[in-house]
Structures are given as C-alpha cells and as structure tokens.
Protein chains: 2
Amino acid sequence: MIRQAKAVRKVAGKGVHAARRGRAVRKLRAAKVDAMLVTKPVDVGYLTGFTGQDSSLLVGSGWACLVTDGRFTEQVAKDCPDIECCVRTGPMEAALAGVLKGRRVRKLGFDPKHVTVKLRNDLAGKLGGRKLVEVSEVVSSLRQAKDDGELRIMRRAIRIAEKAFKELCGLGPKGWVGRTERDLAAELGYRMRQAGADGLSFPTILAAGAHGSMPHYSPGSARVKAGQAVLIDWGARAGGYCSDLTRVVFTGTIPAKLREIYEVVRLAQEAGIAAIRPGVGCKAVDKAAREVIVKAGYGGQFGHGLGHGLGREVHEAPGLGKLSTVRLKSGMVVTVEPGIYLPGIGGVRIEDDVLVTAGSARRLSGLPRDIDAMRL
Amino acid sequence: MIRQAKAVRKVAGKGVHAARRGRAVRKLRAAKVDAMLVTKPVDVGYLTGFTGQDSSLLVGSGWACLVTDGRFTEQVAKDCPDIECCVRTGPMEAALAGVLKGRRVRKLGFDPKHVTVKLRNDLAGKLGGRKLVEVSEVVSSLRQAKDDGELRIMRRAIRIAEKAFKELCGLGPKGWVGRTERDLAAELGYRMRQAGADGLSFPTILAAGAHGSMPHYSPGSARVKAGQAVLIDWGARAGGYCSDLTRVVFTGTIPAKLREIYEVVRLAQEAGIAAIRPGVGCKAVDKAAREVIVKAGYGGQFGHGLGHGLGREVHEAPGLGKLSTVRLKSGMVVTVEPGIYLPGIGGVRIEDDVLVTAGSARRLSGLPRDIDAMRL
C-alpha cells in the first residue's frame, strides 16, 4: 500500500480552506517563522478538509503540502484537491524534510503541545540548517470563531442529537423503566447513527437516580426505576463537528428536592446565556450563572466550570470558567451547562450549545427545558 | 473539583499490577534510570488498573504514584487501591515534581513517543538537578505477552463481538437487503453494546459489493443488494481490551469470482495460523500466508500485512508483516487477516484472533469460515 514519495498534485488553493491557511500564515509571519508543521488531526482537517488519519501538513506563504501514506491517496484527492500531497514511503520526518527541500524555510514553527519529543528529535536530525521554533495555538485560536459553513454543520450535529433524544423519550416511561443505563445509552447512540451521525462526540453519560450526582458517570448495569430522574449528557459527531447536550428526564413523579434544584439550574443557565455577548470575559459569564446557584445555597454543589468551546473537538477553547482570561467573540460556539450535584440523591445539569452573535447569544439547541416537559 | 495536592493513600503494592510494575522496574534498571514517567493511558492502566483519564504514573523501585485530578479521586480509590495517589491542583509538571521531591531519583526515564515537547520542557524546568532520559517501549514490550487474566477479558471481548454478529446474520437476507451500510454497521455496534461491550474497538467497516475492495472503507449510504458480498471488520472493547474480526457474508448466490478468492484467502489464513509458534519470526508467518495468495496469482491484490498484535490497543506490537523483526512469544495475541482486493469487483478478508501458546497457535475466535456457512 506504500507508494513512491512524490507530489501527486499541485493546484492553486482557493475557497474556504485556502482562506483559513491564509489566516494561519499571517499568524506565522507575526511569529517570525516561514512555515509551520501541523500535526493535530482536527487542525489539519480545518486547514485542508482532509478526513483521513496519520497525516501532517506543512503550510507556508502561498503553499501547503499534506504528507500522508498510501492508504489515504484516494481520500486526499477527494477531500482536498487544492493542495499538494506527498505520499510518504518511509518515516514521516524524512518525508517532511523532502517537502521542505528547495523551499525558503529557515524557521519552521511547530506546536509543542502536539508534537512528541520523538518527532521533534527525528525532524531536527533531518532539517540541515533550518531551525525548529515553538509556536503555540496558531490553528486552535483561528478555530474558535466559526464561519457560516461550520455553523451549518454544527446545527446538523445538534439536530441529529436532538432527534435521537426525542425518539428515545417518545418511548415513554414503559420504554425506560426496567432497562439498564447501558442499554438506554446504547440505544441513544444507535438512534444518533441512524439519524446520520458519524459517531458520538463522547461516550454518553446516562445516570439513573443517585448516579446523577457524579458528573463523569459511566452508564452501567443499574436499571431505571419508576419515579426516578435520569441525567443524560450526549452528543453526535457529524461532518467533523460535535454537538453536546444535557437534559434530565423523569420517569414519573418528580421528587421535590430535584424539582427545587432543577429550577435553580434552569435559572442559572438563563442568567449565563443572558450574559453572553462579544467582548464579555468568559469568567463573567461563568460568574453570572454561578451567582444564581450560590444565592440558592448550592454553590458548593456546582464543582465544574459553566461550559466550554465546541467545534471539531467536544472540548475546545475557550473555557467558560473562573480562571478563563479569554473574551467572547462573535462566531464562538460554547456550551452553557450549570449543574447541582447532591451525593446520595442525584444531580441536575442542563446544557445547551450557544452561538455568540454580534447582538447577543443564540441557542443553537432547541429542546425544551421546562421541568414539566421533561417528564417522559 | 480541584483539591489540595496530597498523597491520599499509601499501601504496599500486591497482585497483578504490582507484579507488572516490578517487571517494568527491572527494565528501568537495565536502562540505568531510577524511575519512569508513564503518560500513555493504556500503559498507565496496564501498570495500575486505573480506568480514568488524563493521569500520569511515576514508577520507581518499590514505589508508584498516580497523578490525577479531582474528577478521578473516586476512580483511583476503586481501581487501584494499592498505590499512592496525588490529586493535582495545578499543572501536571508541578505535581510530578512534587511527587519526586525527597525521592532518590537522579535519572527519570520517559518515552519520547508519548511525551510532548511541551510536557518535556515544562518538566525539565521543574526537576532541579535530576536528568530526563529517553527510554523507549518499556511498557509496550511488557504488554505483548498476555497473562491469564488478560486472556479471560479478551475472550469475553471476542465473544461479545461474535454474539452481535451472529444476531445480525440471524436476521437473514431480508434483514439486510435494502438497508444502508451505515445502518447495518450501527445495528452491529448497538448489539455489541447490548451484549456488554464498553464500546467499539474501532469504527466498524461494513462494505457492500465492490466497496469491499477498499481495506479502509467507511460505511456509507449505499444499500445492500441481493446476491452481494458484504465485508464486515468489527470489534468490541470490553474491560479495557479489544477484539477484532472480519468476515464476508453473502446475501444470496455467491458470485463465482468471489468464491474463488474466498477459498484462496481461507487457505492463506490456515497457512498463516499453522506457521504460528513461539520463536518463529513474525515475518515468516506473514510469508506462509502470503505465499498461498501469491501462488494463486493474487499477490498484487494483498497490499497489507498479515496481522497485528491485539490487546489494550486494537493495533499494537508485534506486527505480522514483511518488515517485522520480532519473534513470536507464548502469550502474544495476534490477528491473522489475509485479504484479496479486486477494484470494481469487491474484496475478501478473513480475520481471527489467535493466541500463541507453548504448543502452537490457538484460535480465540470461533465463527465459521466455510464459505457456504457465510450465506445469510
């Protein structure tokens, strides 16, 4: 499956990926490097459209070359016909050095967070007089604000997750009570795939009753009972983008304590979303929601940040938390997911995906949040 | 969720994980380092039993400490009560340096394949007079030969994959014809989860008709037809271990060309498995199977290695390929998966999971391979 290394195509870059590479190159100039090695798959995909695996991108002013192996020759041609491609036959570092040969690259940037010591060493041994320079967060910072094409795909990933959830809720309490958490989570995943998901954004959390107090719970063999709360945190991956939602549903009568904290969490989410607009610090958004929970006396039971950026990765920059120093920008998509967790009793978290727009915030997810609508 | 960094427990290590750490430490002595940083999650899990995320292990002679964050405090206590644990409140490198404080570690080993440049830099800045030394493949080499406990779990992962496959085949041609590849793949995944899988070993390949000629095909919207071959490559993940199987099923009359290549592939697999025993080079096993295909005139249509090690990772050492220099050892589990791919027509691959035993080879997977048994 391994072919002779050669540039198989060279076409002038146009369109959305070329524009993204242009923005990346402007950042490289500011960082005083001539080109950059991109190794993180979601970053490579963002700059090229490539959907295969195990490939690296070199990008400089006016040029880009994807280094892949013979398994993905067809994939490159299909996904990114507008850039050069090198099909490597030997180690990655040798192929990268080959691509650089004859190009005016004295300083090559790389992200130390995404390059292993081995690759750095191997590459350093092949670069002759060129210098390797650490350059951080070039692509991830570009990825924060989504463009219209990305938002279209993200809306689709959200719709898929919502459709599957509605179908599962449509089974009613009879379709839930007596089944294991694991089985219900598996069915939700199956329904997302049937609705067009390429996969899950992350392993579904589905926690019955008291299990809901563990924010990172893994669904197990516990069976859902009547009159119980079930916390579900799930998402679909489609077209390379993630959705991420949380709801709590009830299989019968709603326990009074859960009704109380549900209402606090719902109001906290409203307050968080109301605080979202371009220019506002992520920290302030977290604070706006957190204050509602603190005032209700549950500050100690909300032990995580309010939310996080969402896109190609299910957790990406910016984080909405106490320590964040980032300010919101138009086009960012963030989750807003306050929660209250009561060990031995259960937990409530409500999570929606929210777009920062010039005006304010727009919820991209449209599932009901009213507690009485959450009864199966 | 972040707590004060402290050692929460210190218990003398006993049992299987302590024994594995003991073997790792003997390798460290040979490499002349006093302790090692382990960052790859499957390696950390192998040495400790830990099933959480984002955690690193420091292991030295007679001691081990898992550095995790507040999300996994409960998980550590449950999974690995026999080692120290440090719940970090700040960056990983600071916590690691804290754990090393007061210990006689002059040289700290790390695997350059699994440590990023950033972590290495951050750590180097915190270690004072200690030296960071590159040490390769310490844990992955230990992981190659499986012990009885691991084999029990792997057999379960295989049984789960087989059960789901049999159920799907049990639907008969009426349950397959007219459905999309994507939908059938999703149902197979759902059935594996219902049978007890924690997840998939990898995204299922399910390729109808001519799509079978692409070894890395992703199931799409093509609908299965009557009288077609469908190639399925799938696996279940259970208890931290993977299974990996491939079969070709037929929705009706078997096309003559596919019958011909099926028989060649089946005999090639027999020949490969017959060549397996401790001491034999992986290269020789590949050759034994490949010769059958070459003699039948299809050498050019078998463009990948014969198989790979299987365990915590779906692809791990040793590879069964032309370039492998490894010799088989008792306890290794490898896939044996010859194939013939005819563009425009389709492909046949038959894959089983095989244990190298003192005597010879034992198939761990028990699905039929006879072509007439593969008709739905």
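I take a residue as buried if 20 or more other C-beta atoms lie within 10 Å of its own, as exposed if 12 or fewer do, and as partly exposed in between. I keep in mind throughout that this is a predicted model.

**Entry: positive phi outside glycine**

I looked up B:Glu137 first. B:Glu137 is partly exposed, because 13 other C-beta atoms lie within 10 Å. Its phi is positive, about 60°, although B:Glu137 is not a glycine. I find B:Glu137 in the loop between E6 and helix H6 (138-143) of chain B.

In chain A I noted A:Asp54, whose phi is near 50°, again a positive value in a residue other than glycine. A:Asp54 sits in the loop between helix H2 (41-48) and strand E2 (56-60) of chain A. A:Asp54 has 13 C-beta neighbours inside 10 Å and so counts as partly exposed.

**Entry: cis peptide bonds**

I checked omega at the prolines numbered 318. The bond joining A:Ala317 and A:Pro318 is cis, with omega about 0°. A:Pro318 belongs to strand E14 (residues 316-320) of chain A. In chain B, the peptide bond from B:Ala317 to B:Pro318 is cis, and omega is near 0°. B:Pro318 lies in strand E14 (residues 316-320) of chain B.

**Entry: helix H4 of chain B**

Which residues of H4(B) are buried? In this helix, residues 92-100, I list B:Glu93, B:Ala95, B:Leu96, B:Val99 and B:Leu100. These residues cover an arc of only 160° around the axis, so they are on the same side of H4(B). Their cover includes strands E1 (35-38), E2 (56-60), E3 (63-69) and E4 (84-88), together with H5, of chain B. After H4(B) comes B:Gly102, with a positive phi near 80°.

**Entry: parallel strands in chain B**

I followed the pairing of E5(B), residues 107-110. E1(B) and E5(B) run parallel and are joined by three bridges; B:Met36 has B:Gly109 in E5(B) as its bridge partner. E5(B) is also joined to E6(B), residues 131-134, by four bridges, and these strands run parallel. Here B:Leu108 is bridged to B:Leu132 in E6(B).

**Entry: three-stranded sheet in chain A**

I traced an open sheet with the order E8-E9-E12 (chain A) and antiparallel pairing. Its edge strands are E8 (205-208) and E12 (245-250) of chain A, each pairing on one side only. Direction ignored, neighbouring strands are turned by 10° against each other on average. Four bridges link E8(A) with E9(A), residues 229-234, in the antiparallel sense. One of the bridge partners I noted is A:Asp233 in E9(A), opposite A:Ile205. Helix H8 (residues 181-194) of chain A packs on this sheet and touches E8 and E9 of chain A. The direction of this helix makes about 145° with that of E8(A).

**Entry: the two copies**

How many residues does each chain bring to the contact? I find 23 residues from chain B and 23 residues from chain A. On the side of chain B that touches chain A, helices H5 (117-124) and H8 (181-194) of chain B each supply at least two residues. H8(B) gives the largest share, seven residues. By class, I have seven nonpolar, eight polar and eight charged residues on that side of chain B.

I then superposed the copies. A turn of 180° with a shift of 0.0 Å along the axis lays chain B on chain A with an RMSD of 0.0 Å. That is the relation of a two-fold axis. In chain B the C-alpha nearest the axis belongs to B:Thr116, at 2.0 Å from it. Both copies use the same surface, since 100% of the contact residues of chain B recur in chain A.

Definitions and conventions: Residues are numbered from 1 along each chain as its sequence is written. Chains are lettered from A and ligands numbered from 1 in the order in which they are written. This is a predicted model: local features need pLDDT of at least 70, side-chain atom pairs count only at pLDDT 80 or more; totals for chains, interfaces and linings use all residues. Two residues are in contact if their C-beta atoms, placed from the backbone, lie within 7 Å. Ala, Val, Leu, Ile, Met, Phe, Trp, Tyr, Cys and Pro count as nonpolar, Asp, Glu, Lys and Arg as charged, and the others, Gly among them, as polar. The arc is that of the directions from the helix axis to the C-beta atoms. Copies are superposed by least squares on the C-alpha atoms of residues with pLDDT of at least 70 in both. Two strands pair if DSSP finds at least two bridges between them. Axes are lines fitted to C-alpha atoms, for helices over the stretch in contact, and angles run from 0 to 180 degrees between N-to-C directions.
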